[in-house]
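Please work through the exercises below with the model open beside the text. Each one sets a task and then gives a solution that goes step by step.

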Amino acid sequence: MKENKKTYWKGLEQLTNDPAFVKNADREFPENLPLHKNGDGGSNRRDFLKMMGFSLAAASLAACEAPVRKAIPYVNKPVDVDPSVPNYYATTYASGGDYASIVVKTREGRPIKIDGNDFSPITGSATNSIIEASVLSLYDKQRLTGPHINGEKVDWAALDADLGAKLRSAGSIKIVTNTLLSPSTDKAIEAFSEAMGDVEVITYDPLSNFGILKASEQYYGKKVLPSYHFDKAKTIVSFGADFLGTWISPIEYARQYSQGRKISKESPEMSRHFQFESNLSLTGANADYRTPIRPSQSGLAVLALYNLLARRGGASTVNAPAIDIANLERAAEELWANRGQSLVVSGSNDPNVQVVIHAINELLGNKGETIDFAKAAHFRKGDDERMIQFVSDLNAGRIGAVIFYNCNPCYDYAGAEELTAGIGKAKVSVATTESRNETCNAVQYLAPDHHYLESWNDYNPKPGEYSLAQPTITPLFDTRQVQESLLRWAGNNTSYYNFIKQNWREGYFTEQDQVSDFDMFWDGCLHNGIYRVEAEVEEVPEAFGDISAAAQAIGRAYSADNQGVELALYTKIGIGSGAQANNPWLQEMPDPISKATWDNYLTVSQKWANDNGLKMQEGGTKKARLTVNGLSIDVPVLVQPGQADGTIGLALGYGRTVAGRVANEVGVNAYPLLDHSKGFVNYDITEGVSVELLSENYRIAQTQTHQTYMGRNFVIQESTLGEYKEDPNAGRYHPEIYKEGKFYKPSKISLWSGHKYSQHHWGLAIDLNSCTGCSACTVACQVENNVAVVGRDEVLNRREMAWIRIDRYYSSPEGATENKELEKAADNPEVTFQPMMCQHCNNAPCETVCPVVATTHSSEGLNQMTYNRCIGTRYCANNCPYKVRRFNWFKYHDNKDFPMNTPQNDDLGKMVLNPDVTVRVRGVMEKCSMCVQRIQAGKLTAKKERRKLQDGEINVACAVACPTEALVFGDMNDPHSKVSNLLKIKENDISANKEVNEERAYHVLEEINVSPNVWYFTKIRNKDKNEA
Amino acid sequence: MTIKRSLFGVIHGISALLVAFFLFTGMAYAAHPDVSDSEDAIQAGQSLFNANCRTCHRLDQNYTGPALRGVTERRSLDWAKRFIVNSQALIQAGDAEAVALFREYNNIVMPSHDFLSDDDVMNLLAYIEYGDTAEASAGAAGAEGTAEGAAGGIPSEYLTIILVVLVFVLLLILVVLGLIVSVLKKYLSQDQDLDQDDKEFIDQKTDIKKVFTSDAFIIIITTIVVALVVKTALDGLYNVGIQQGYAPKQPIAYSHQLHAGEYEIPCQYCHTGVEIGKSANIPSANICMNCHMHIQNVDGKEGISPEIAKLYDAYDNNKPIEWVRIHNLPDLAYFNHSQHVAVAGLDCQTCHGPIEEMEVVYQHSSLTMGWCIDCHRNTEITTQGNEYYDKLVQLHSESKDALKVKDIGGLECAKCHY
């Protein structure tokens, strides 16, 4: 066994062993409970008397008769709704060009949980954090309750009468929208435009990929966004494309990517991933080789790669300034070796760069293999050029009416200020979003749409791929679908439902011959959520082949040795464009990399911090004034390991002003910093950026250093592919315990008699190689288990409630105690993500210390937490080696001190709560239950059907949401279950301590022999042997 | 021992008898002596009762008509006979009692039974007075919930009053007896020719004060008082939140006795969720309307019953009926009906009691955790024909005891709390 010599650290303060960190790390509960807001701690004699009086009163009150509770049945119960029995509906999530086919779980007619749709070939059973959380936006108090004219609430008849006439006489009408994927919506707009005359749809996306569309037009003669197949690529090179986090269709890509990186002893092959980027992105964190580069170098790096490949392929090279970028040569070599099985992508929105990327993939023969034009993606149709033109037309008064179709350009468009100023110049302005936002405040008419969970729609994300959206709840408010509004204004009074049905009857139904009855066809499509026409493909365009113009433009625009500070604007995986910023689950979800919640911040390198004398510890930092081309904002600074030197990063999606009580004034708005002067929205600002550190102190609510393992380094066990091929035990740490002259495996020495699990033995296998850190699981868990949101202040007090957290570890070859060493360690660390939740130990340390037996062991291997028995001693949390138990310091529900906890405080928000899970009260401990409510429900179904439980029937919320199948849940007593196969468990073993024969599987902290039921698989990086 | 001394014993005996007598008369009622209590008479009466009376009458419960037991005590035998044979005749004759009764029960006409012979009527009365004592206890339990438990068994509040009065009377008697004792003592002490033994007996003075102030007495009394207080407090605390017997007034006076008992409608016809989900479901109005579209009143009555009218009102105006929830489990406990009914095959009555006899539904079981656990400890699992349990049965086969719920984790916290 070769021991791992790396140093692992969760934050820079741990790396340097900062005194404040060490002090806090020693203390399980660092902050005292502020019982008195005035700072007077403890209770005195009077308080005691008061409390005693209260207890007496409470006792006598409790003795009184219980309140009369009502049971109110339906008047007319719908046949398919049974109280307490969930219903599932397949529908579709699409917003701002993001797409996923989903299944919505409803209880008593209320949607409460969103899962992926297994039938979908695009997103499958996976979701992401934003989609998981979107069910709460249905119950957002910020939603508009009806139509408005100039701020006055009116009824639809009044609005239709007024607006219909005005639109007819307005002249030029523009419909501004994010990417629409819906064929029927297109038809509705067509009908509208036939009635109105001069109508044009202007599409923009807050996260624009116009660069690729434009490049395709230049290089292939067709504005098209190809589909990518990361699963088929053996070598993946990405220039700043965060395809696992936020780039175009991350769910789809993450699913594919993980397929190429699942390894076993039998097939020890995986893709190799090179990333060249400025900010440390989620994708960069997963890369095998990551090279920090400046945004100003990115164009040249792409050109250099082209030349390297062209030389190998004998094609003509282009003129390009010389640039030296680590790993580029090697990437070129491997790309060339894997021609047709490689993939190069770039996150740049510069069409010239994307032209070269197209050319590189052509050179490598990837078209038709890893890049698919036949099934091109429709996800991003945003046209930056048209949008820029539109805004100038608007300001010139050339536009009669503008309809903002479910978009918020007054916030999330680069030229928002200019646009907002111009809206007044149009005769008529309408916004249709379901929630009040910045754009709503700038227009005359509000014609609010249904929430997507209340709507009918159809989608066409790719050629031949269709999906339907159906309502999962009756509209909560007096809203109306935009398509129906458009039809109504055009004088067509059909409902949009009939309109879609008619389209499908005349279109897709007639084009198939499988089903002869339309209703059966329609019901089948609705049930499945999707409909496929395999044969439908788009023509594959031929390349023009000439990139010299693009190369010249790149040569002019980029430079190898820019000295100024460069700003790379990015989006976080939780907040995204900011459209759903008013969702507390997303605000409190720690960013997978920085582990910060409730804020955006300027990410700077350790070198910058050293140069500017900034020392960051435990989230404590200073604010800085960022000035970009004359525009200044004050924003806190976060020292980010891996940040390219000379660059800074700032997340979009924050600083909303009209988003609602949760998101308003959280963070700063970075959209105004975007540059759209070159005909596209540029997220990389390479000129005119300056940063000045201010003296103002600030604390960023980061979670990563909140739970620590006190320097035990074998929590993460990893190796390289080269070593793994030689020895499947590579990277494994096998602790041994010395006893009476001999060394034993820890599991051989135990004080415990051990459990026997006769029926089921639930276990979870977590593949660190598959986990990308995307955090969909954390939100899924929060939704499923009614986990409270505590807000920024309480996160700062280390009281976040998440049952599952993604621990992010940096690792570097050596430790650091001085600034210079710190700089080196933090320059470009490796990153490992480790989902951490209750390990359901068979020898659980928490169970033995509870004085009231509130936490016990089940006969199925679960560690059970009984809230009604818990008296809150917190001994269990103290004794938990994994630090996964969370204590309810406050009553988070029905408490006006936690207004951000909308799912437990708003009467409307509460509709999202899972009725099968208790909402915990103040003073009790809670933790992952391994979704015991799902286990119980699954067993009950099997019992009722008088059959054995099938593997896969029960699944935990985190594993369901996971796009990469990093978490596999199942019955370890069932020899045929997936988890048993993964762990290679011997058949007919019903003991608690199972013999696991998979070499990669390990227990975190195996040496203390708590015998968890959660197994981790070593992280294998596709690096050469000697580089680990 | 002299006669005089035994006099005391007699007096004491009288007081004891008095107590016993009053207690006895307080608890029991006396049927008319002419009414036979022979098995044959009761049996004959029962079949007559079932054929002619049961539609509207119960022995111990007010129903369409009053509860009947004790009628020969409340009324004269002759009056009762006449009323049974032809009540309308009696009412039209202006008999005050009959008219009052007729009014009390909503002017519902009781059919005449002139085909019954005098013997039949006596048999009927025999059944009424002495038949089906099991029904009596069930009825009494049911009556606790009903606000108007007028006739039949003595309602509990009257019982209390009677007991208090009795205690008062007995105390009076004791005082009187005490006076007699002291008078007798005085008289005897004047009598000079008493022997030594008797003299001592009369002269002996119990120093009551001394007894009351003795340590032993204080300790005993204190212990008893403390024990009683603690017991009462504990009982009280254990009963906090327990609503056993809770029988709230419902918005519609729906009778399970009529629907489930008499018409034998299966529970699941209305409680549709009981085999599929957590909730058994209080039936939605449309389920009621399946029958009540046609049935507008109880058998043989014209017009729409006022209670059924409430249903029509709710249904027509789309106004849900707000039933009062009787069985309230705390939110922290998860209970699933289908597990117990569809899988375990339990009868509804196991937990809900004799629901088919309840005019007004009350909470039969305590619904405490101890009650749940007891059942889980003792109940065998129905494993036959259910493959899910195969492995458990196989592993359990070595054990001598039957496979019970507790053996498969039925006592674990997370079966009900999560």
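**Exercise 1: a covered strand**

Strand β35 (residues 805-812) of chain A is mostly covered, since seven of its eight residues are buried. The model is a predicted one, and each step below reads from its computed geometry.

Task: determine which strands pair with β35(A), in which sense, and over how many bridges.

Solution. Step one takes strand β1 (residues 7-9) of chain A, which is joined to β35(A) by three bridges and runs antiparallel to it. In this pairing T7(A) stands opposite S812(A) of β35(A). Step two takes strand β36 (residues 830-836) of chain A, which is also antiparallel to β35(A) and is joined to it by seven bridges. Here I806(A) has P835(A) in β36(A) as its bridge partner.

**Exercise 2: positive phi outside glycine**

Task: for H840(A) and N1009(A), state the phi angle, and decide whether each residue is buried or exposed.

Solution. Step one places H840(A) in the loop between β36 and α26 (845-849) of chain A, where this residue has a positive phi of about 45° although it is not a glycine. Step two counts its surroundings: 26 other C-beta atoms lie within 10 Å of H840(A), and because the cut-off for a buried residue is 20 or more, H840(A) is buried. Step three turns to N1009(A), which lies in the loop between β42 (1001-1002) and β43 (1014-1017) of chain A and has a positive phi of about 50°, again without being a glycine. Step four applies the cut-off of 20 or more to the 23 other C-beta atoms within 10 Å of N1009(A), so N1009(A) is buried.

**Exercise 3: length and cover of a helix**

Task: check whether the span of helix α12 (residues 351-363) of chain A agrees or disagrees with the expected value, and find what covers its buried residues.

Solution. Step one uses 1.5 Å a residue, from which the 13 residues of α12(A) should span 18 Å; the C-alpha atoms at its ends are 18 Å apart, which agrees. Step two looks at burial: twelve of the 13 residues of α12(A) are buried, so this helix is largely enclosed by the rest of the structure. The buried residues include P351(A), N352(A), Q354(A), V356(A), H358(A) and L363(A). Step three names the cover, which includes α7 (210-220), α10 (295-313), β14 (342-346), β15 (371-377) and α19 (548-557) of chain A. Step four goes just past the helix, where G365(A) takes a positive phi of about 65°.

**Exercise 4: nonpolar cores**

Task: identify the residues with the most contacts inside the largest nonpolar core, and the element that gives the most to it.

Solution. Step one finds that this core has 295 residues and that L305(A), V356(A), I766(A) and C958(A) have the most contacts inside it. Step two assigns the greatest contribution to α10(A), which gives nine residues. Step three notes a second, separate core of 20 residues, among them A31(B), V35(B), A41(B) and Y127(B). Step four returns to I766(A), whose contacts, not counting residues up to four places away in sequence, include P835(A), L967(A), W1015(A) and F1017(A). As background, nonpolar side chains tend to be buried together in soluble globular proteins.

**Exercise 5: where the chains meet**

Task: describe the contact between chain B and chain A by residue count, by element and by residue class.

Solution. Step one gives the counts, with 48 residues taken from chain B and 42 residues from chain A. Step two lists the elements that give two or more residues to the side of chain B that touches chain A, namely α15 (285-292), α16 (306-316), β1 (323-324), α17 (337-343) and α20 (390-396) of chain B. Among these, α17(B) gives the most, with four residues. Step three sorts the residues on this side of chain B into 22 nonpolar, 18 polar and eight charged. Step four adds the strand pairing across the chains: strand β2 (residues 70-71) of chain A and β1(B) pair in the antiparallel sense over two bridges, and K70(A) stands opposite V324(B).

Note on methods:
Residues are numbered from 1 along each chain as its sequence is written. Chains are lettered from A and ligands numbered from 1 in the order in which they are written. This is a predicted model: local features need pLDDT of at least 70, side-chain atom pairs count only at pLDDT 80 or more; totals for chains, interfaces and linings use all residues. The expected span of a helix is 1.5 Å times one less than its number of residues. Two residues are in contact if their C-beta atoms, placed from the backbone, lie within 7 Å. Ala, Val, Leu, Ile, Met, Phe, Trp, Tyr, Cys and Pro count as nonpolar, Asp, Glu, Lys and Arg as charged, and the others, Gly among them, as polar. Two strands pair if DSSP finds at least two bridges between them. A nonpolar core is a set of buried Ala, Val, Leu, Ile, Met, Phe, Trp, Tyr and Cys residues joined through C-beta atoms within 7 Å.
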